[in-house]
Amino acid sequence: PVSGPGPAPGTHPVQPHPGYPPEWGPGQPQGRVPGYPTAQPPGWPAGAWPGRPPEPRPHGLPLAGFGARLVARLIDFGIVFVLNAVVNGWFVWRLVEEVTPYWREVLRRAVAGDTSTEGLPQPSEQAGGLQIVILLIASALWLAYEVPPMASGGQTFGKRVVGIKVVPLAADEPLGFGRALRRWNTLGLPTLLWYCCGLGLLLQLIDALSPLFDQPLRQALHDKRAQTVVVQLPRAPRT
């Protein structure tokens, strides 16, 4: 029990949840952490008790918002798409040539009300090989674009544009190649499963949306595997 009138407002430091690393200072309150007391104890003046745990600040930096992360990822996907258009373009064109007769006939029958599947022109055996080659090249391009800059500086081009950075939970240091590769694997490798009725795309969507449901660190599944967190860097002062 608290004796006396309690500390005056603004004079008692707000302590982070015991599970937070000690170097994480208090920030703006957000979310609830199991075990953190939310009821104001007796003796505390009105407004002196935070009621909710402070938002963690890894290495003194605020967590990046989901919007900033989404914009950065879209910028990076746009760059990787352009790379694929250059490197993978011929293979995609050959695959389209293989499957176009089949889908053209399916569409013609659907318009005519014909639901039969007999006599449909089938793609050659090359179509399956082309799909595998396309997905392998796409994954390799994505890996080559993302992993090296993340390993050395924690930022891709998209993350630099929006001012966010990936840092390890344990220490303020570069991710290193191993950690950056583990982080990419969780999101990037399912690309190879796109041909399985879109299974890979579904796994990537779940991973991409997972920060919305993670508290208090807003970690995606690939962040959890690599023990990383995404922070917002301070804006450079205008001159």
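Me: What makes S1 and strand S2 (residues 228-232) a pair?
Reply: Five bridges join them. Two strands pair if DSSP finds at least two bridges between them, so S1 and S2 qualify. The strands run antiparallel. Val167 stands opposite Val229 in S2.

Me: What sort of model is this, and how are its residues numbered?
Reply: It is a predicted model, numbered from 1 along each chain as its sequence is written, where local features need pLDDT of at least 70, side-chain atom pairs count only at pLDDT 80 or more, and totals for chains, interfaces and linings use all residues. Side-chain values use heavy atoms, without hydrogens and water.

Me: Why is strand S1 called mostly covered?
Reply: S1 spans residues 164-168, and four of its five residues are buried. Buried means under 20% relative accessible area (1.4 Å probe, protein chains only). Across the protein, buried residues make up 33% of the 239 residues.

Me: How many helices and strands does the protein have?
Reply: Seven helices and two strands. Both are DSSP runs: helices (H or I) have at least four residues, strands (E) at least two, numbered from the N terminus. Along the sequence the pattern reads α-α-α-α-β-α-α-α-β.

Me: Why are H2 and H3 described as they are, parallel or antiparallel?
Reply: Helix H2 (residues 89-112) and helix H3 (residues 126-153) pack at about 150 degrees, with axes 9 Å apart. Angles run from 0 to 180 degrees between N-to-C directions, with axes fitted to C-alpha atoms over the stretch in contact. Over 145 degrees counts as roughly antiparallel. H2 and H3 are therefore roughly antiparallel to each other.

Me: What makes up the contact of H2 with H3, by class?
Reply: Contact means heavy atoms within 4.5 Å. The residues include Phe91, Val92 and Leu95 of H2 and Leu130, Ile134 and Ile137 of H3. The contact has eight nonpolar, two polar and two charged residues. Asp, Glu, Lys and Arg count as charged, so Arg94 and Glu98 of H2 fall in that class.

Me: Why is H3 called oblique to H5?
Reply: The axes of H3 and helix H5 (residues 176-188) come within 9 Å and cross at roughly 140 degrees. Oblique is what remains outside under 35 (roughly parallel), 65 to 115 (roughly perpendicular) and over 145. That makes H3 oblique to H5. The contact residues include Trp142 and Met150 of H3 and Phe177 and Trp184 of H5. They divide into ten nonpolar, three polar and two charged.

Methods. Buried means under 20% relative accessible area, exposed over 50%, partly exposed in between (1.4 Å probe, protein chains only).
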